[in-house]
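Please open the structure in your viewer and keep the selection panel handy. We will go from stop to stop, and each one begins with something to select.

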Amino acid sequence: ETKVGGRHGYRFYTPSMRERDSARRRIEDGLHTALARDQLRLLYQPKVDAVDGRIVGAEALLRWSKEDGGWWLPDEFIPIAEDSGLIVPIGAWVLRQACRQARAWQREGHGIPVSVNVSPVQLDDPGFLAHLDAALVESGLDPHLLELELTERVVVSGSQATGALLRAIRRLGVRISLDDFGTGYCSLSYLKHFPVDVLKIDRAFVHDIIQDSETAAITTGIIAMARSLHKDVVAEGVETLAQSEFLRDAGCPVLQGYLYGAPMDATLLEARLREQPPGQRASSGDT
Ligand code: C2E
Ligand code: MG
Ligand code: MG
Ligand code: MG
């Protein structure tokens, strides 16, 4: 299926496209009210220590509940929210909500960093830093416990201004992670100019590491490079024991994927945090 739309896409109309357009409009209208009616929710997916399996972080993932009780997934509505600009108020809500949750866990003695996905459209909004700062101040969260996951799109299309913004974010104490690393057009030399703390290896690599020796070699290389640049590394989309063992042996310190838990309710994650024995390490290795 070809993708229609996007800011630079051509459009030519067929009846089915017209239907799709009206579907987009319905989603857009729905999103307008979703914020007001409290129909947005965050689920949290654990990130675990590759060696001892302890939960060392969590990623907030957005869900939108339909009137009929089901859920919309982000891939179905984030692009529409981006095109319409609605991602700006939605993103501000996500930041506030995630910071509040992370602060609640911190109070309970589970000071794990929480990461939030941020779209390039949000970063282009002049109010972004103010939203971020407000979320931190309102919640009282230690900024080191917040991480922003940005995709390579940000870095590649990134101007001088993007670099300055990323530096301002880090000055607040917030960490920056490069999501879906390896899938975009991010040349490794960008890493010299853009201040990122974490590389998050895309799940497409993880998916193939066992069957495909070239993917295995590339993944091992990314992990080694990240470590020698003193960046943290996370592998996402870990589904099997074989994948987790490969990644651990390649030196990847933090893993995330269905093997350790799908995105879940905050209360469920908190229960899992309570179950784990008190740990020696405070967080994933910054070394
Ligand atoms: P992402 O940040 O790369 O998130 C990883 C996606 O992979 C999530 O899908 C997660 O549920 C899924 N996943 C996790 N573990 C596994 C696994 O082991 N196997 C497989 N096959 N999939 C796994 P989800 O929640 O549908 O989110 C999709 C994307 O939507 C995210 O990709 C992120 O780019 C975007 N997104 C999610 N929440 C937000 C948000 O609050 N704001 C913005 N701007 N984007 C968001
Ligand atoms: Mg992410
Ligand atoms: Mg990702
Ligand atoms: Mg993704």
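Is Asp-179 buried or exposed? Select this residue to start: Asp-179 has a relative accessible area of 6%, and because the cut-off for buried is under 20%, Asp-179 counts as buried. Keep in mind along the way that this is a predicted model.

**Stop 1: the magnesium ions**

Leave Asp-179 selected and add ligands 2 and 3. Asp-179 bridges these two magnesium ions, which lie 4.0 Å apart. Now show the donors of the magnesium ion that is ligand 2: Glu-59 (OE), Asn-117 (OD1), Glu-149 (OE) and Asp-179 (OD) coordinate it at 2.0 to 2.2 Å. Along the sequence, these donor residues follow the spacing E-x57-N-x31-E-x29-D. Turn on the cartoon and you will find Glu-149 in strand β5 (residues 146–151) and Asp-179 in strand β6, so this pair ties together parts that are 30 residues apart in sequence. Glu-149, at 1% relative accessibility, is buried.

**Stop 2: ligand 1**

Next, select ligand 1 and display the residues around it. There are 23 of them, and those that come nearest are Asn-117, Asp-179, Arg-203, Glu-239 and Tyr-258. Two of these names are familiar from the previous stop: Asn-117 and Asp-179 are also donors to the magnesium ion that is ligand 2.

Colour the shell by residue type, and it divides into nine nonpolar, six polar and eight charged residues. Which element gives the most to this shell? Look at β2, which supplies four residues. The elements that each supply at least two are β2 (55–65), α2 (74–84), α3 (87–107) and β6 (175–181).

Now try the distance tool on three places around ligand 1:

- Asn-117: a polar side-chain atom is 2.8 Å from an oxygen atom of ligand 1.
- Leu-62: here a polar backbone atom lies 3.2 Å from a nitrogen atom of ligand 1.
- Glu-236: a polar side-chain atom is 3.4 Å from an oxygen atom of ligand 1.

If you switch on surfaces, note how much of the ligand is covered: on its own, ligand 1 has 800 Å² of accessible area, and the protein covers 86% of that.

**Stop 3: a network of charges**

Select Lys-47, Glu-59, Glu-147, Glu-149, Arg-175, Lys-200 and Asp-232 together. Salt bridges link these residues in a network. Glu-59 and Glu-149 belong to this network, and they also coordinate the magnesium ion that is ligand 2.

Zoom in on Lys-200 and Glu-59. Their salt bridge has its closest N and O atoms 2.8 Å apart. Lys-200 sits in strand β7 (residues 198–201) and Glu-59 in strand β2, so-called distant parts of the chain, with the two positions 141 residues apart in sequence numbering. Both Lys-200 and Glu-59 are buried.

Then move to Lys-47, in strand β1 (residues 40–49). Lys-47 is buried, with a relative accessible area of 6%, and its side chain makes a polar contact of 3.4 Å with the side chain of Glu-147.

**Stop 4: two more salt bridges**

How many salt bridges does a search of the whole structure find? The count is 11, and two more of them are worth a stop.

Select Asp-197 and Arg-170, whose side chains meet in a salt bridge at 2.8 Å, N to O. Asp-197 is in the loop between α8 (190–193) and β7, while Arg-170 is in helix α7 (residues 160–171), so the pair ties together parts 27 residues apart in sequence. Asp-197 is buried at 16% relative accessible area, whereas Arg-170 is partly exposed at 33%.

Now pick Glu-270 and Arg-274. In this salt bridge the closest N and O atoms are 3.2 Å apart. Both residues lie in helix α12 (residues 266–275), four residues apart, about one turn of the helix. Glu-270 is buried, with a relative accessible area of 16%, but Arg-274 is exposed at 52%.

**Last stop: Ile-209**

Finish by selecting Ile-209, in the loop between α9 (203–208) and α10 (213–228). Ile-209 is buried, at 3% relative accessibility. Add Ala-242, 33 residues away along the chain: the C-alpha atoms of Ile-209 and Ala-242 are separated by 9.2 Å.

Notes. Residues numbered from 1 in each chain as written. Chains lettered and ligands numbered in written order. Predicted model: local features only at pLDDT ≥ 70, side-chain atom pairs only at ≥ 80, totals over all residues. Heavy atoms only, no water. Near = heavy atom within 4 Å. Polar contact = N/O pair within 3.5 Å; in protein donor to acceptor, adjacent residues only side chain to side chain. Areas by Shrake-Rupley, 256 points an atom, 1.4 Å probe, with all protein chains shown as cover. Nonpolar A, V, L, I, M, F, W, Y, C, P; charged D, E, K, R; others polar. Buried < 20%, exposed > 50% of the residue type's maximum accessible area, 1.4 Å probe, protein only. Salt bridge = Lys/Arg side-chain N within 4 Å of Asp/Glu carboxyl O. Donors = N, O, S within 2.8 Å, 3.2 Å for Na, K, Ca; no water.
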